[in-house]
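Subject: Handover of a structure, with notes

Dear colleague,

Please find the structure below, handed over for your records. My notes on what was found in it follow directly after it.

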Amino acid sequence: MIARVLTTGLIAGLVAGLAVAALQHFTTTPLILASEVYEAAQHAHDGGEASAALSGLSRTAATSAATIAVSIGYALILLAAMLFSGDAIAPRRAALWGACAFAATGLATSLGLAPQLPGMAETDLAVRQIWWLATALSTGAGLFALLRLDSTAAKIAGVVLIVAPHFFAPQPATPESTAPAELAARFAAASLAVQAISWALAGALAGLVWRLQSRQQELS
Amino acid sequence: MNAKSSANAAALPSSRLEALKAAVVALTLGFGLVWLAGFAYPESVHDAAHDTRHALSFPCH
């Protein structure tokens, strides 16, 4: 069982990750590179230096590797969630789990922390990371309570879990971004779309690979 | 929580126990990978994953 889950997560995550990496290459990455031009110009104006640690092909390769790692992680998390809740693992159901995961890690978190381009005003990283994680986990648990549990108490708890994190959202930084507003707006939208596709694809492919493995086992 | 998952481990059918074990392993590894790519502090990891962190709206700087 463990080997089958890990193989499924690995294959689904690898394929989903490659597709998302290609999508990033044409959607979010060009906006990041453009924002870095403005950031570097500001640094040069201030007398400082700013340069990206990686560039060209090595940067694309590193970004793709990181995206594949995240996608394998997403696929494994979705598989774990379906196993914990006793669901049958199939493409459509897995994609729905992915959609809920996106609502937790993408939609809920972006309400307090909009996706950011490099060079945008920011607050303390650790505080933002803790709030992001807590909000994603709390929203996920809340959605589960709302959608899968029947008692009224569970549904109320679900709503509380979804709403509560937003009372503790980090204070937004004073806007002093070097990135033009149009770039930032396009990036925020593109980033949410890419994240939605990552989750849905990781889920759907995990369901598909799982089903293919079941067929293979039946045949052998 | 349904009756199945609230029963103690000894009462669980072995297939359910097997599934739960696999789920714990998958969850641990999944969170580990997302943590490494999305949150970990070492500079080399941050630099490599930088564009992905921004693109998938993980908090970054």
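Of the 61 residues of chain B, 36% count as buried. This applies to a predicted model, as does everything that follows. Chain B contains three helices and zero strands, and its elements run α-α-α from the N terminus on.

The contact between the two chains takes 45 residues from chain A and 30 residues from chain B. On the side of chain A that touches chain B, the elements giving two or more residues are helix H1 (2-26), helix H2 (28-46), H3, helix H4 (91-112), helix H5 (125-148) and helix H7 (181-219) of chain A. H3(A) gives the most to that side, with 15 residues. Sorted by class, the side of chain A that touches chain B has 27 nonpolar, 16 polar and two charged residues.

I turn next to one helix pair across this contact. Helix H3 (residues 56-84) of chain A and helix H3 (residues 43-55) of chain B have axes that come within 8 Å and cross at roughly 65°. Because angles of 65 to 115 degrees count as roughly perpendicular, that crossing makes H3(A) roughly perpendicular to H3(B). The crossing in which H3(A) passes H3(B) is right-handed. From H3(A), the residues Ala62(A), Thr63(A), Ala65(A), Ala66(A), Thr67(A) and Val70(A) take part, and they meet Ala48(B), Ala49(B), Asp51(B) and Thr52(B) in H3(B). The residues of this contact of H3(A) with H3(B) divide into six nonpolar, three polar and one charged.

Which residues have the most contacts inside the largest nonpolar core? They are Ala75(A), Leu78(A), Leu79(A), Ala202(A), Leu205(A) and Ala206(A), in a core of 61 residues. At least two residues of this core are supplied by each of H1, H2, H3, H4 and H7 of chain A, and likewise by each of helix H2 (14-38) and H3 of chain B. The largest share of the core, 16 residues, comes from H3(A).

One of the residues with the most contacts inside the core, Ala75(A), may serve as a starting point for inspection. Leaving aside residues up to four places away in sequence, Ala75(A) touches Gly9(A), Ala12(A), Gly13(A) and Ala16(A), together with Ala202(A) and Ala206(A).

In summary, H3(A) gives the most residues to the side of chain A that touches chain B, and H3(A) also supplies the largest share of the largest nonpolar core.

With kind regards

Notes: Residues are numbered from 1 along each chain as its sequence is written. Chains are lettered from A and ligands numbered from 1 in the order in which they are written. This is a predicted model: local features need pLDDT of at least 70, side-chain atom pairs count only at pLDDT 80 or more; totals for chains, interfaces and linings use all residues. Axes are lines fitted to C-alpha atoms, for helices over the stretch in contact, and angles run from 0 to 180 degrees between N-to-C directions. Helices (H or I, at least four residues) and strands (E, at least two) are DSSP runs, numbered from the N terminus. Angles under 35 degrees count as roughly parallel, over 145 as roughly antiparallel, 65 to 115 as roughly perpendicular and the rest as oblique. A crossing is left-handed if the near helix is turned anticlockwise from the far one by less than a right angle, and right-handed if clockwise. Two residues are in contact if their C-beta atoms, placed from the backbone, lie within 7 Å. Ala, Val, Leu, Ile, Met, Phe, Trp, Tyr, Cys and Pro count as nonpolar, Asp, Glu, Lys and Arg as charged, and the others, Gly among them, as polar. A nonpolar core is a set of buried Ala, Val, Leu, Ile, Met, Phe, Trp, Tyr and Cys residues joined through C-beta atoms within 7 Å. A residue is buried if 20 or more other C-beta atoms lie within 10 Å of its own, exposed if 12 or fewer, and partly exposed in between; C-beta atoms are placed from the backbone.
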